[in-house]
Amino acid sequence: MTIVTDRVADVFTRIRNAQRRRFDFCRMMRTKETVAVLKVLLDEGYISGFRTLGEEPRQEVQVFLKYDDMNCGVIRTIRRISKPSRRISVCIRDLPPSHSGLGRWILKTSEGIMSDATARRRKIGGEVLGEVF
């Protein structure tokens, strides 16, 4: 088992790789942060769903990927913005729309992990974890 220091980057990489291989699902270690990011992706319609497997302390999350009619992944790009070595925080007024409003930013705020649309409604900024398009 490999020790992962950046869980969000691991989530993004596993989803990206599984969609490139046209897998129906992928698995990753379950943490509170992982589940919060997956809830944002589910609410925004980028994944079909996810479920928890196993028992504590070694729980995993199985993520069900979503494809369109031509069997192309719904997620075109998914990338990490703020990294452990370089944190990027923004005020919500300064955050531009992702891909002209077609994509979503994933933010870590004082109220939890949420999409940029939710953060704009609540008028709070935070750390930009990643971008999904």
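User: Helices here are DSSP runs of H or I with at least four residues, numbered from the N terminus. With that in hand, which residues form a salt bridge within helix α1, and how many residues apart are they?

Analyst: One thing up front: this is a predicted model. The pair is Arg 14 and Asp 10, with their closest N and O atoms 3.0 Å apart. Both residues lie in helix α1, 4 residues apart, which is about one turn of the helix. An α-helix has 3.6 residues a turn, so residues three or four places apart point the same way.

User: Buried or exposed, those two? Where do Arg 14 and Asp 10 fall?

Analyst: They fall in separate classes, taking under 20% as buried and over 50% as exposed. Asp 10 counts as buried because its relative accessibility is 15%. Arg 14, at 36%, counts as partly exposed.

User: How many salt bridges are there in the whole structure?

Analyst: A search of the whole structure turns up 11. Another one joins Asp 6 to Arg 80, where the closest N and O atoms are 3.0 Å apart. That pair links distant parts of the chain: Asp 6 sits in the segment before α1, Arg 80 is in strand β4 (residues 78–80), and 74 residues separate them. Both Asp 6 and Arg 80 are buried.

User: Which residues are linked in a network of salt bridges?

Analyst: Glu 44, Arg 104, Asp 116 and Arg 120 are. Within that group, the side chains of Arg 104 and Glu 44 meet at 2.9 Å, N to O. Arg 104 belongs to strand β6 and Glu 44 to the loop between α2 and β2, so this pair ties together parts that are 60 residues apart in sequence. Arg 104 is partly exposed, with a relative accessible area of 23%, and Glu 44 is partly exposed too, at 29%.

User: Let's switch to the sheet. What order do the strands come in?

Analyst: The order is β1-β3-β2, in an open sheet of 3 strands with antiparallel pairing. β1 and β2 are the edge strands, each pairing on one side only. From one strand to the next, the twist averages 20°.

User: How many bridges do β1 and β3 pair over?

Analyst: They pair over 5 bridges, in the antiparallel sense. Across this pairing, Arg 27 stands opposite Gln 62 in β3.

User: And which strands do the helices touch, α1 and α2?

Analyst: Both helices pack on the sheet. α1 touches β1 and β3, and its direction makes about 160° with that of β1. α2 touches β1, β2 and β3, and its direction makes about 155° with that of β2.

User: Back to Gln 62 for a second. Why is it classed as buried?

Analyst: Because its relative accessible area is 3%, and buried means under 20%. Gln 62 lies in strand β3 (residues 60–65). Leaving out residues up to four places away in sequence, Gln 62 touches Phe 25, Cys 26, Arg 27, Gly 49, Phe 50, Arg 51 and Leu 53.

User: Nice. What does α2 look like by itself: how many residues, and what reach?

Analyst: Helix α2 covers residues 32–43, which is 12 residues, and reaches 17 Å from its first C-alpha to its last. That is close to the 16 Å expected at 1.5 Å a residue. Thr 34, Val 35, Val 37, Leu 38, Val 40 and Leu 41 are its buried residues. Just after α2, Gly 45 takes a positive phi of about 85°.

User: Now the backbone oddities. Which residues other than glycine have a positive phi, and near what value?

Analyst: Some background helps: most residues other than glycine have a negative phi, and most peptide bonds are trans. Arg 22 has a phi near 60°, and His 99 has one near 50°. Arg 22 is found in the loop between α1 (7–20) and β1 (25–29), and at 44% relative accessible area it is partly exposed. His 99 lies in the loop between β5 (89–90) and β6 (104–109), where it is partly exposed at 36%.

User: And the peptide bond from Glu 56 to Pro 57: cis or trans?

Analyst: That bond is cis, with omega near 0°. Pro 57 lies in the loop between β2 (47–53) and β3.

Note on methods: Residues are numbered from 1 along each chain as its sequence is written. This is a predicted model: local features need pLDDT of at least 70, side-chain atom pairs count only at pLDDT 80 or more; totals for chains, interfaces and linings use all residues. Side-chain values use heavy atoms; hydrogens and water are left out. Helices (H or I, at least four residues) and strands (E, at least two) are DSSP runs, numbered from the N terminus. The expected span of a helix is 1.5 Å times one less than its number of residues. Buried means under 20% relative accessible area, exposed over 50%, partly exposed in between (1.4 Å probe, protein chains only). Contact means heavy atoms within 4.5 Å. Two strands pair if DSSP finds at least two bridges between them. Axes are lines fitted to C-alpha atoms, for helices over the stretch in contact, and angles run from 0 to 180 degrees between N-to-C directions. A salt bridge is a side-chain nitrogen of Lys or Arg within 4 Å of a carboxyl oxygen of Asp or Glu.
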